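The following exercises are to be worked through with the structure in view. Each task is followed by a solution in steps.

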Amino acid sequence: TGAVLDCRVALRSADTEPPPRLAEADLVAAMERHAIGTDASIAGHVATICKRRYVVVRDRARTLAPTALGLALCRGLRRVDPDLVLPAVRAHVEKLCDDVARGLAPARAVVAHATHNFLDKYRYLVANVRRVEELFEIVFASRDSTPASATLLDGPTRARWALRPGPSPRLVGPDDSDILALPRGGAYEPSTGKPCPRCRSQLIWYRLRDLDAKRRALLAFPLCARCFDASRGGGRRTADCLDSPLPDDHPLLADAALGPASALFGPAAAGLVILEPRPSPGRLPRLLSTRAPLFVAAFNPDLVAAVRLVASGDAARHHLHLTFLDRRSPLDDAAAVCVRPVTDPLLRSLLV
């Protein structure tokens, strides 16, 4: 109604605190709430997790603090099958046993159902136990040196991920529950570029090193650790990665393709031809293949001033926009710029 309100706003800072840890009595109440165990067995469950050092009892209130072993085991099992650490499955079995006691279900059928269910889960766990072992390696590995870190964009949120080098390098999430495999044999550097077009994770750079040819030593490819982990089966590839860590059908490569590598470099070249995504400072971007053995071609710096990628009618074969140095144009009309496919004879003549 046009009334004027006099509002006063004050900013106040405060710190949040994590919820208090469960005491023994709280754990017993939670187990009863989820129908896990009986009055006779609950105390034995609590004693078992203490005996196995999954938790330790602290202070007079009998507070239960999870150990590194307990956290690693729960998080590792949860990576494979969340049902193994959530109360629903155990509560379901307890309910079936209660139905047997009440005469609502035949004991033989319940035993067969439970045995079949847990046998399937056991077999799946055995087949994927490496995912549990990976987490144990991360948690209990020697940490004599402070690991490097990279900031990844995971959807709309940013989280600090730690780089764990070694024979099987990994990016590890803040709570050690998310582990992403990295390619072996290169170096990793943060990137401030756009997020991955496929999964929205922030990209990092995978830089090749220790290659024989000096002109290839500084090559770097964009890397999405989440897509690499998914495409390479959780990082079980043992050989060093000496080419692009991402498959050629990944949008980062497919959307920048100039054509098949064999069209420019010959039949020995594999993969795609792309314009170098991260050229050295002060140098023109080069043309390179995405698959080993890598082929690299540089533009003549005495003729070419700038090179960039431009879209063409064929989404799988982009063109190059070339800018020539003043009075160095090789074109008949001495034009300062031109757009050519990678197979064009003029473009080939500009490579050294």
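**Exercise 1. Overall composition**

How many helices and how many strands does the protein have? Determine also what share of its residues counts as buried.

*Solution.* The model is a predicted one. Step 1: counting the elements gives 10 helices and 16 strands. Step 2: of the 352 residues in the protein, 38% count as buried. Step 3: among contacts with a separation of 6 or more, 45% are made by residues 24 or more positions apart.

**Exercise 2. A pair of helices**

Describe how helix α1 and helix α2 pack, and state at what angle.

*Solution.* Step 1: locate the elements; α1 spans residues 24-33 and α2 spans residues 42-51. Step 2: their axes lie 10 Å apart and form an angle of about 125°. Step 3: classify this angle; α1 is therefore oblique to α2. Step 4: the crossing of α1 past α2 is right-handed. Step 5: identify the residues that meet. From α1 these are Glu24, Leu27, Val28, Met31 and Glu32, and from α2 they are Ile42, His45, Val46 and Ile49.

**Exercise 3. An open sheet**

In which order do the 4 strands of the open sheet containing β10 stand? Find which strands are at the edges.

*Solution.* Step 1: the order is β10-β11-β12-β13, and the pairing is antiparallel. Step 2: the edges are formed by β10 (257-260) and β13 (296-297); each has a single partner strand, so one side of each has no neighbour in the sheet. Step 3: examine the pairing of β13 with β12, which comprises residues 287-289; these two strands are joined in the antiparallel sense over 2 bridges. Step 4: in this pairing, Leu288 has Val296 of β13 as its bridge partner.

**Exercise 4. Two cysteines**

How many disulfides does a search of the whole structure find? Explain why Cys224 forms no bond with Cys199.

*Solution.* Step 1: the search of the whole structure returns 0 disulfides. Step 2: Cys199 accordingly takes part in none, and the cysteine sulfur nearest to its own, that of Cys224, is 3.4 Å away. Step 3: apply the cut-off; a disulfide requires two cysteine sulfur atoms within 2.5 Å. The sulfur of Cys224 is 3.4 Å from that of Cys199, its closest cysteine sulfur, and this is too far for a bond. Step 4: consider the surroundings of each residue. Cys224 has a relative accessible area of 0% and is therefore buried, whereas Cys199 has a relative accessibility of 24% and so counts as partly exposed.

Terms used. Residues are numbered from 1 along each chain as its sequence is written. This is a predicted model: local features need pLDDT of at least 70, side-chain atom pairs count only at pLDDT 80 or more; totals for chains, interfaces and linings use all residues. Side-chain values use heavy atoms; hydrogens and water are left out. Buried means under 20% relative accessible area, exposed over 50%, partly exposed in between (1.4 Å probe, protein chains only). Two strands pair if DSSP finds at least two bridges between them. Axes are lines fitted to C-alpha atoms, for helices over the stretch in contact, and angles run from 0 to 180 degrees between N-to-C directions. Angles under 35 degrees count as roughly parallel, over 145 as roughly antiparallel, 65 to 115 as roughly perpendicular and the rest as oblique. A crossing is left-handed if the near helix is turned anticlockwise from the far one by less than a right angle, and right-handed if clockwise. Contact means heavy atoms within 4.5 Å.
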